[in-house]
Amino acid sequence: MTMNTQGRPTAPTASAPLPASPTFTGNRGLDIAEPLIFEVGRREVSGVDIEDAGETPFRLGGHARKTPLDLPGLTEPETMRHYVRLSTQNYAIDLGLYPLGSCTMKHNPRLNEKMARLPGFADVHPLQPLGTVSGAIELVAECGRWLLEMTGMASVAMSPKAGAHGEMCGMAAIKAAIKARGEDRTIVLVPESAHGTNPATAAQLGFKVVSIPARADGTVDPEAVKAKLSPQVAAIMLTNPNTCGLFERDIVAIAEAVHAAGAYFYADGANFNAIVGKTRPGDLGVDAMHINLHKTFSTPHGGGGPGAGPVVLSDKLAPFAPVPFVRFADDGSAEFVETRKQAAGSATPFGRITAFHGQMGMFVRALSYMLAHGADGLRQASEDAVLNANYVKAQLMDVMTLPFGDVPVMHEVLFDDRFLEGTGVTTLDFAKAMIDEGFHPMTMYFPLVVHGALLIEPTESESKAGLDQFVGALRHLVERAKAGEVEAFKAAPVFAPRRRLDETAAARNPRLAWRAPEPEGRVAAE
Ligand SMILES: *Cc1c(COP(=O)(O)O)cnc(C)c1O
């Protein structure tokens, strides 16, 4: 298999095609094979009954389309079945364990959904006069107040819509603060174990990214940071706990060195789920940190959204928070600061990072989760998440390999692929075989500091019984790999609706438009 420099396969493993279904329909029992909507739809069919518009004045000049709009039509029941059938081909947190490390795929309590659907929250419109939505604004402010309490920071920008968007917001505030000091700092330090969004954010804002190598134990050495600090350094972007699932124990020394050099400390807070109620980033010297509400505070995520990535800021960065931001007025009521002009006194917002006010539904879900758990419950969720990861580690470390040895981990446990050495089975094959066992694979080949990484994050949602079944399945797969069943691994998954897809080709050469197949006997133009 071809590998890139990070040991990530660049071409799909050849695997035998799935045996043709022996059934007349192509369905496998109640697992229905659903074609594309273009293949099932007919232009002449419609699920709605609209009266003919009759004669209307023509106002498009020469711009009217001359060919019919080729939309697939379905009846109402066909439409419903199409999407429900597709949905059954998806794996979901509501179906089983979703051990994707770094993603924190935890149970989303139904209470959150019930609250988010209350008409006063679900039906508000972003262009409604603010005076008619004061309760919703107060909820946003209250959610922010909990975040400030938990992080020990001075200010919060609620509007960013994802973790990566929060990174952009926090780093833009840092950029504005440096500019306000009349300085020109162009470098951002990023440890090599960082999530790809960190260097991408820095580069997007025009910074030059300088990588900090990890120590042999997987953490960042303050000396390695000091060696790279200079008057050109604007900030460090550091994740804690880091993406190896380890707590950066020298974080205070790193923060002090960064501040002494006149730079800022951006913390990637995606792993906040491990430390809520245990430690406050503000006490560790953090200047800006995003919080993925969709990870730490439940709320559904995946498939690109929706998410919410509020950013907490230190005193030094608070004046640069983007509009709109919420603040409490002197009379205690919550208000939105919508424009630079409204920002009081020394505030100089760097601008605006999103239209409107952020993801209202996510704020409702996250606050509902916080209130339902309370301070003690949130702390316990973190403790249970860490306990579960350490349990998985303890149950698998005799058959799988730990890159940094038997050290306590935080909310996720990282294995490398040394246990597969000589078996012919790769991390990818191993993950595909997990699908046949009914588990969503763990995060693979990330972080890049470890060869063939397998990063498991069980979260606090899983019971011991659930973890025992997962551990049992993984131990069974390790045995099969070591017993030489390499062919079976290369063929996996055999029970999934689709086999191995050529993800690289799909990403490099996406075909985004459907075209009717050419009539038989002619070769398609592509
Ligand atoms: C998830 C994650 C991000 C990005 O967050 P999104 O909400 O997916 O944009 C950044 N850093 C780390 C460590 C993460 O796990």
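Here is a chat about the ligand site and a few backbone oddities in this predicted model.

Colleague: Before we start, what kind of model is this, and what pLDDT do local features need?

Modeller: Residues are numbered from 1 along each chain as its sequence is written, and side-chain values use heavy atoms, with hydrogens and water left out. It's a predicted model in which totals for chains, interfaces and linings use all residues, side-chain atom pairs count only at pLDDT 80 or more, and local features need pLDDT of at least 70.

Colleague: Which element gives the most residues to the shell around the ligand?

Modeller: The shell includes Ser102, Glu167, His195, Asp268 and Lys295, where a residue is near if one of its heavy atoms lies within 4 Å of the molecule. By class it has three nonpolar, six polar and three charged residues; Ala, Val, Leu, Ile, Met, Phe, Trp, Tyr, Cys and Pro count as nonpolar, Asp, Glu, Lys and Arg as charged, and the others, Gly among them, as polar. Helices (H or I, at least four residues) and strands (E, at least two) are DSSP runs numbered from the N terminus. With three residues, the top contributor is α6.

Colleague: Which residue has a side-chain N or O atom 2.9 Å from an oxygen atom of the ligand?

Modeller: Two contacts with ligand oxygen atoms use backbone N or O atoms: Ser102 at 2.8 Å and Ala164 at 2.8 Å. For polar contacts like these, the pair of N or O atoms must be within 3.5 Å. The side-chain one, at 2.9 Å, belongs to Asn292.

Colleague: How much of the ligand's accessible area does the protein cover?

Modeller: Look again at Asn292, whose side chain lies 2.9 Å from a ligand oxygen. On its own the ligand has 380 Å² of accessible area (Shrake-Rupley method, 1.4 Å probe). The part covered by protein is 86%.

Colleague: How much space lies in the second largest pocket?

Modeller: That's where the ligand sits, meaning more than half of its atoms lie within 2 Å of the grid points. A pocket is an open set of points on a 1 Å grid over the protein atoms alone, where a 1.4 Å probe fits, with protein on both sides within 12 Å along at least five of seven lines; lining residues have an atom within 4 Å of a point. Here the lining has 30 residues, with His195 and His301 among those nearest the centre. The volume, the space filled by probe spheres set on the points, is about 550 Å³.

Colleague: Which residue other than glycine has a positive phi?

Modeller: Don't mix it up with the cis peptide bonds, from Asn240 to Pro241 with omega near -5° and from Phe446 to Pro447 with omega near 0°. The residue in question is in the loop between α10 and β7 (311-313). Its phi is near 70°, and it is Thr299.

Key. Polar contact = N/O pair within 3.5 Å; in protein donor to acceptor, adjacent residues only side chain to side chain.
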